[in-house]
Amino acid sequence: RETSVVMLDPTTGHLLALVGGTKPAARQNLAAESLHEPAATLTPFIYLTALSQGYSAATMVLDVPTTFGDPEQVQAYTPPSDGHQFLGPIRLRQAAANGLTVPAIQVLSWVGVEQMRSTAHSLGLTAMQREDGRFGLSLPVADGSASLLALTFAYSVIANSGVMAGQPSSNNLRPLTPILIERVEDQDGNLLFANTSAEREILEPALAFLLNDMLADRNTRCLTQPCPSPLDLPDNRPAAVQLAQTSTNSWTIGYTPQLAVGGWLGNPDETAANLTAAAGAAPVWQALMQHALQDAPIARWQQPSDLVETAVCDVSGLLPTPGWRRRRGGRGEGAPPPR
């Protein structure tokens, strides 16, 4: 098994650390060059697309056995179980915080695969590939491929409240890229080259805040994960995080406002690794985050003033009618007003 790690400063786009593999004989940089099945690491882009289309963190989704499409047709798709008891009707917030597969596929069927890919592309995930070029509803399970560096950079844009930071790109695929070299000096200390960080607003701050608040909701994670969770950081430091696994890969990508960290464990030859997300990349992610932020002040995402909160029906997530059980959505349960 191999390990690769990426650490980025979301506010500047500076690459703070990169481990491209632990074996010197590796032919590729496993973090920057190798492409792996991204699986559930793509689900934040699904929910971000849904929020941009007017769905909210309170929208009801169904975690039940489901076949999408006509069962008699080739394109019909039945997602695998997540290994837990199906939860039935839940809110988008609960589905996102717990990384549930069936609700993610349901929401993807609402928003559209190409619309989700467009969202991911705008955040810098430009190298998502598939041999036949065709993507379907199985995309967030076992479809396509992406690099750890590209995924972590895309997450860093969300961490930075929707602002992409980095150096100007040399191609037209994305406006900015991570800064790998900050400065170059000669032996006498004379500056030969310096990279300055640029910024580009990609997302409305309200959309980024909603997703960050959903993915960082440690109480909601208790639906399917032990509490306290092994993903929790000390002193109740808010951290948004996404786990993913396939038969060959284990991913954990997460961030605070100050730091984005991605970890990947697996076999470069794509043979079975038999790793769960929780026992694979997650401990690596948590250890790196905890060490890197031990002396940093606790930072929180600031709620934008244009974010509207409202009471909703506890079951449906819709506006309540008389006699229905109400639930105050809480921070981030609303949606930004339409443009």
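Q: Buried means under 20% relative accessible area, exposed over 50% and partly exposed in between, with a 1.4 Å probe and protein chains only; what makes H3 count as mostly covered?

A: This is a predicted model, in which local features need pLDDT of at least 70, side-chain atom pairs count only at pLDDT 80 or more, and totals for chains, interfaces and linings use all residues. Residues are numbered from 1 along each chain as its sequence is written, and side-chain values use heavy atoms, with hydrogens and water left out. H3 is a helix (a DSSP run of H or I of at least four residues, where a strand is a run of E of at least two, both numbered from the N terminus), and 9 of its 11 residues are buried. Those buried residues are Thr101, Val102, Pro103, Ala104, Ile105, Gln106, Val107, Leu108 and Val111. After H3 comes Gly112, which has a positive phi near 100 degrees.

Q: Why is Asn160 called buried?

A: Asn160 has a relative accessibility of 15%, which lies under the cut-off and therefore counts as buried. This residue sits in the loop between helix H6 (148-159) and E5. Setting aside residues up to four places away in sequence, Asn160 touches Pro10, Thr11 and Ala165 (contact: heavy atoms within 4.5 Å).

Q: How do you know that E5 and E9 are paired strands?

A: Two strands pair if DSSP finds at least two bridges between them, and 4 bridges join E5 (residues 163-168) to E9, the two running antiparallel, so the pairing criterion is met. One of these bridges links Gly166 with Ala198 in E9.

Q: What makes E6 and E9 the edges of their sheet?

A: The sheet is open, with 3 strands in the order E6-E5-E9 and antiparallel pairing. E6 (176-177) and E9 (198-201) each have a single partner strand, so one side of each has no neighbour in the sheet.

Q: What makes E12 mostly covered, and which residues lie on each of its faces?

A: In E12 (residues 260-266), 7 of 7 residues are buried. In a regular strand, side chains alternate between the two faces of the sheet. One side of E12 carries Ala260, Gly262, Trp264 and Gly266, the other Val261, Gly263 and Leu265, and all are buried. E12 is joined by 7 bridges to E1 (residues 2-8), antiparallel, and by 7 bridges to E11 (residues 249-255), also antiparallel. Among the bridge partners, Glu2 is matched with Gly266 and Tyr255 with Ala260. E11 and E12 form a hairpin, with 4 residues between them.

Q: How do you know that Thr248 is buried, and what does its side chain contact?

A: Thr248, in the loop between E10 (240-245) and E11, has 6% relative accessibility and therefore counts as buried. Its side chain makes a polar contact with the side chain of Asn249 at 3.3 Å. That distance fits the definition, which asks for a pair of N or O atoms within 3.5 Å; within protein, one atom must be able to donate a hydrogen and the other to accept it, and residues adjacent in sequence count only if both atoms are side-chain atoms. Beyond four places in sequence, Thr248 is in contact with residues including Leu265, Gly266 and Glu270.
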